[in-house]
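Thanks, everyone, for making the time this morning. I would like to walk you through a few side-chain contacts and one helix packing, so please have the structure open as I go.

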Amino acid sequence: PQVLQWLDNAIARHADQALVSKASYMMSAPQTYSAEEVLALIDQVEQTRPQEGRAMRASAYMVRGWSSLDPFKAQDIIQGLLAEGYQNAYLNLGELYSMGGLDEVDQAKAIETYRILAARGVPSAYYRIATLYGGGKGICHDKVKAYAYAKIAVDGGELGARKFLKELEAQISQEQLSQALQARSGIIREIEAAL
């Protein structure tokens with residue numbers, strides 16, 4: 001409640017990023033907040049940040065448990081954003097694949113999509129790959145790869161990956177940690193070579 005009060009105060013002072021943060025937070029708790037509440041915030045975001053607002057709308061259409069769930073509508077929005085060159089739409093597309101919104105869960109396709117942004121140096125793409133290896137549906141879990149990708153995300157400034165990295169550290173051995181750090185170097189070389 002205190003965080004929401006802080007965000008509401010920031011919104012009252014016309015801080016657009018606070019709208020984005022509040023809508024994202026509410027989407028992460030669909031049992032507590034309604035689609036209508038979130039879509040109203042997204043409408044406000046779209047007035048000043050149209051592409052970011054549409055990307056958020058695509059995410060809202062992927063929230064399970066809401067009557068607004070419509071992965072095909074989300075896909076249409078994502079494809080439009082990609083056609084406009086909005087690179088963060090790859091995060092939405094990866095999310096769509098990883099949740100199995102269009103058909104079966106396709107973690108490999110999600111990882112392939114996130115790697116497009118990873119190659120462009122986007123730390124959140126590395127973090128999303130890490131979470132898939134750490135516990136995604138439909139692929140073999142690989143804590144070593146998860147740690148390697150999470151470490152790259154943290155090194156790149158992705159604050160959300162820090163907690164995940166600490167959780168992984170508690171789950172892997174010293175030998176696996178060494179393997180993860182070697183894998184990290186290999187991943188970086190591989191992505192740099194693709195540029």
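Lys151 and Asp155 form a salt bridge in which the closest N and O atoms are 3.1 Å apart, and I should say straight away that this is a predicted model. Both residues belong to helix H9, which covers residues 143–155, and because they are four residues apart there, about one helical turn separates them. Lys151, at 23% relative accessibility, counts as partly exposed, and Asp155 is likewise partly exposed, with a relative accessible area of 43%.

In total the count comes to eight salt bridges, and I will take two others in turn. Arg115 pairs with Glu190, the closest N and O atoms being 2.4 Å apart. Since Arg115 lies in helix H7 (residues 107–118) and Glu190 in helix H11 (residues 174–194), this pair ties together parts that are 75 residues apart in sequence. Arg115 counts as partly exposed at 22% relative accessibility, and Glu190 is partly exposed at 46%.

The other is the salt bridge of Asp43 with Arg57, where the closest N and O atoms are 2.4 Å apart; here Asp43 sits in helix H3 (residues 35–48) and Arg57 in helix H4 (residues 50–60), 14 residues apart. Is Arg57 buried or exposed? With a relative accessible area of 13%, Arg57 falls under the 20% cut-off and is therefore buried, whereas Asp43 is partly exposed, with 40%. These two residues also belong to a network of salt bridges that links Asp43, Glu46 and Arg57.

Let me turn to the aromatic side chains, for which the structure holds four pairs. The rings of Tyr127 and Phe164 have centres 6.1 Å apart and planes at 65 degrees, so this pair is edge-to-face. Because Tyr127 lies in helix H8 (residues 123–135) and Phe164 in helix H10 (residues 161–169), the pair ties together parts that are 37 residues apart in sequence. Tyr127 counts as partly exposed at 22% relative accessibility, while Phe164, at 14%, counts as buried. Elsewhere, ring pairs link Tyr126, Tyr133 and Tyr149 into a cluster.

Finally, the helix packing: helix H1 (residues 2–12) and helix H2 (residues 16–27) pack at an angle of about 145 degrees, with their axes 8 Å apart, and their crossing is left-handed. On the H1 side the contact involves Leu4, Leu7, Asp8, Ala10 and Ile11, which meet Ala18, Leu19, Ser21, Lys22 and Tyr25 in H2. By character, the residues of this contact divide into seven nonpolar, one polar and two charged.

Technical notes. Residues are numbered from 1 along each chain as its sequence is written. This is a predicted model: local features need pLDDT of at least 70, side-chain atom pairs count only at pLDDT 80 or more; totals for chains, interfaces and linings use all residues. Side-chain values use heavy atoms; hydrogens and water are left out. Axes are lines fitted to C-alpha atoms, for helices over the stretch in contact, and angles run from 0 to 180 degrees between N-to-C directions. Helices (H or I, at least four residues) and strands (E, at least two) are DSSP runs, numbered from the N terminus. A crossing is left-handed if the near helix is turned anticlockwise from the far one by less than a right angle, and right-handed if clockwise. Contact means heavy atoms within 4.5 Å. Ala, Val, Leu, Ile, Met, Phe, Trp, Tyr, Cys and Pro count as nonpolar, Asp, Glu, Lys and Arg as charged, and the others, Gly among them, as polar. Rings of Phe, Tyr and Trp (its six-membered ring) pair if their centres lie within 6.5 Å; planes under 30 degrees apart count as stacked, over 60 as edge-to-face and the rest as tilted. Buried means under 20% relative accessible area, exposed over 50%, partly exposed in between (1.4 Å probe, protein chains only). A salt bridge is a side-chain nitrogen of Lys or Arg within 4 Å of a carboxyl oxygen of Asp or Glu.
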